[in-house]
Amino acid sequence: MLNQSMRKHITEALETTSQARGSSLHYVNPAYTSQMDSKTGLLHGTRVGDKFHHANVEVGQADINAACNIKQRLSDKEITRYISYFKVQQILIDRFHASDELLLSTCYTSTTQSCSSYSAGNYAQYLWTSH
């Protein structure tokens, strides 16, 4: 964790550089961005060192995965900059459950897929192989 003085110094440097380059700087809530699978937007996958093991069994660079999540967080209307870490966690858990419910309803209406072959644990695998 950065102390307040160091955080202020980094923020000022980012703002100065952004302004000098004519780019815009946006702040987002960083909670769970390194633990989320950027391909599903859910708390799937595992970070191990500099590798991120996606739910669809691909292995990618962990910092790139987190950067993609940070970029996506900018347009997330539900996870705002100042909500608590615990609230972010609850939102992500709710999204996981909603995606699981969507999967189950898709399985029930599909004539070619059986729900017994899918679970929350391989939801992302289903998404990647069914399209």
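This short talk walks through one protein model, from its overall layout to a few side-chain contacts and salt bridges.

Please keep in mind throughout that what you see is a predicted model. The average pLDDT of the protein is 81, and 75% of the residues score at least 70. The stretch to treat with caution is residues 110-131, where the pLDDT is below 50, although in the model this stretch has 31 contacts beyond near neighbours in sequence.

Let me begin with the layout. The protein has four helices and three strands, and when they are read along the sequence they follow the pattern α-β-β-β-α-α-α. Of the 131 residues, 26% count as buried, and the protein exposes about 8900 Å², of which carbon and sulfur atoms supply 57%. If we take the contacts with a separation of 6 or more, residues 24 or more positions apart account for 44% of them.

I turn next to helix 1, which spans residues 4-21, and to what follows it. Ser18 is found in helix 1 and is buried, with a relative accessible area of 8%. A polar atom of the Ser18 side chain lies 2.7 Å from the backbone oxygen of Ser23, and, not counting residues up to four places away in sequence, Ser18 touches Ser23, Ser24 and Leu25. Leu25 appears again on the surface, where, together with Met6, Ile10, Leu14 and Tyr27, it makes a nonpolar patch of about 400 Å². Of these residues, Tyr27 has its place in the loop between helix 1 and strand 1, and its relative accessible area of 33% makes it partly exposed.

That loop also holds Ser38, ahead of strand 1 at residues 46-48. Is Ser38 buried or exposed? At 15% relative accessibility it counts as buried, because the cut-off for that class is under 20%. The side chain of Ser38 makes a polar contact of 2.7 Å with the side chain of Asn65, and, leaving aside neighbours within four places in sequence, the residues in contact with Ser38 are His54, Asn65, Cys68, Asn69 and Gln72.

Let me finish with the charged pairs, where the count comes to five salt bridges. Arg47 forms one with Asp63, with the closest N and O atoms 3.0 Å apart. Arg47 lies in strand 1 and Asp63 in helix 2, residues 62-73, so this pair ties together parts that are 16 residues apart in sequence. Both partners are partly exposed, Arg47 at 34% relative accessibility and Asp63 at 48%.

A further salt bridge joins Asp50 and Lys51, with the closest N and O atoms 4.0 Å apart; here Asp50 is partly exposed at 45%, and Lys51 is likewise partly exposed at 41%.

The side chains of Asp76 and Arg95 also meet in a salt bridge, at 2.9 Å from N to O. What does this pair tie together? Asp76 lies in the loop between helix 2 and helix 3, and Arg95 in helix 3, residues 85-109, so the pair links parts that are 19 residues apart in sequence. In this pair Asp76 counts as buried at 17% relative accessibility, whereas Arg95, with a relative accessible area of 24%, is partly exposed. Finally, Asp76 and Arg95 belong, along with Glu78, to a network of salt bridges.

Definitions and conventions
Residues are numbered from 1 along each chain as its sequence is written. This is a predicted model: local features need pLDDT of at least 70, side-chain atom pairs count only at pLDDT 80 or more; totals for chains, interfaces and linings use all residues. Side-chain values use heavy atoms; hydrogens and water are left out. pLDDT is the predictor's confidence in each residue, from 0 to 100. Contact means heavy atoms within 4.5 Å. Helices (H or I, at least four residues) and strands (E, at least two) are DSSP runs, numbered from the N terminus. Buried means under 20% relative accessible area, exposed over 50%, partly exposed in between (1.4 Å probe, protein chains only). A polar contact is a pair of N or O atoms within 3.5 Å; within protein, one must be able to donate a hydrogen and the other to accept it, and residues adjacent in sequence count only if both atoms are side-chain atoms. Patches are made of residues with over 30% relative accessible area and no salt bridge: like charges are joined within 9 Å, nonpolar side chains (Val, Leu, Ile, Met, Phe, Trp, Tyr) within 5 Å. Accessible areas come from the Shrake-Rupley method with a 1.4 Å probe; for residues, only the protein chains shown count as cover.
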